[in-house]
Amino acid sequence: MQRIFIKGIVVASVLLLTVFAVAAFSLGAKYEKATPPPETTSPLPLYTLSQYDGKLALFKRGYSMPVEIYEVYLSSLPQAEQSKIKSGISAQTDEEILKIIEDYTS
């Protein structure tokens, strides 16, 4: 009877120590704040050169209609350029879009 009692105390002590060890480890663990993943997408372009009614057109972010339509018909351009324009050529700055427009209109 006495052996069973001692075994019970030993088992209870081991279980109690295990619980304390797990609790101490959990409380002592440092949680780092999750860092957001790096941005893989670039910011929305300010300008997009595309087409409107078959002509070269400039769209500005926030506008559904072109802010400028040029007298350059897509059909007058090589097929590869037509595809690029139909997909939209993006630019972030005034200087960048002016250079692109100049390439197509001169």
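In the predicted model, helix H3 buries Ile97, Ile100, Ile101 and Tyr104. These residues cover an arc of only 100 degrees around the axis, which puts them on the same side of H3. An α-helix has 3.6 residues a turn, so residues three or four places apart point the same way. The face of H3 turned away from this buried side carries Glu95 and Leu98, both exposed.

The length of H3 was also examined. The helix covers residues 94–105, twelve in number. At 1.5 Å a residue, a span of 16 Å is expected. The C-alpha atoms at the two ends lie 16 Å apart, so the model agrees with the expected value.

The buried residues of H3 pack against several elements. Strands S1 (47–52), S2 (55–60), S3 (68–73) and S4 (89–91) take part, as does helix H2.

The strands form an open sheet. Four strands are arranged in the order S3-S2-S1-S4, and their pairing is antiparallel. S3 and S4 stand at the edges. Each has a single partner strand, so one side of each is left without a neighbour in the sheet. Neighbouring strands are turned by 30 degrees against each other on average, with direction ignored.

Within this sheet, S1 and S4 are joined by three bridges in the antiparallel sense. Leu49 has Ile89 of S4 as its bridge partner. H3 packs on the sheet and touches S1, S2, S3 and S4. The direction of H3 makes about 145 degrees with that of S4.

Helix H2 also meets the strands. H2 lies across S1, S2 and S4. Relative to S1, H2 runs at about 115 degrees.

One residue of H2 was followed in detail. Gln82 is located in this helix, which comprises residues 79–87. The relative accessibility of Gln82 is 11%. Buried means under 20%, so Gln82 counts as buried. The side chain of Gln82 reaches the backbone oxygen of Leu77 at a distance of 2.7 Å. With neighbours within four places in sequence left aside, Gln82 is in contact with Leu74, Ser75 and Leu77. Leu77 therefore appears both as a contact of Gln82 and as the residue whose backbone oxygen the Gln82 side chain reaches.

Methods
Residues are numbered from 1 along each chain as its sequence is written. This is a predicted model: local features need pLDDT of at least 70, side-chain atom pairs count only at pLDDT 80 or more; totals for chains, interfaces and linings use all residues. Side-chain values use heavy atoms; hydrogens and water are left out. Buried means under 20% relative accessible area, exposed over 50%, partly exposed in between (1.4 Å probe, protein chains only). A polar contact is a pair of N or O atoms within 3.5 Å; within protein, one must be able to donate a hydrogen and the other to accept it, and residues adjacent in sequence count only if both atoms are side-chain atoms. Contact means heavy atoms within 4.5 Å. The expected span of a helix is 1.5 Å times one less than its number of residues. The arc is that of the directions from the helix axis to the C-beta atoms. Two strands pair if DSSP finds at least two bridges between them. Axes are lines fitted to C-alpha atoms, for helices over the stretch in contact, and angles run from 0 to 180 degrees between N-to-C directions.
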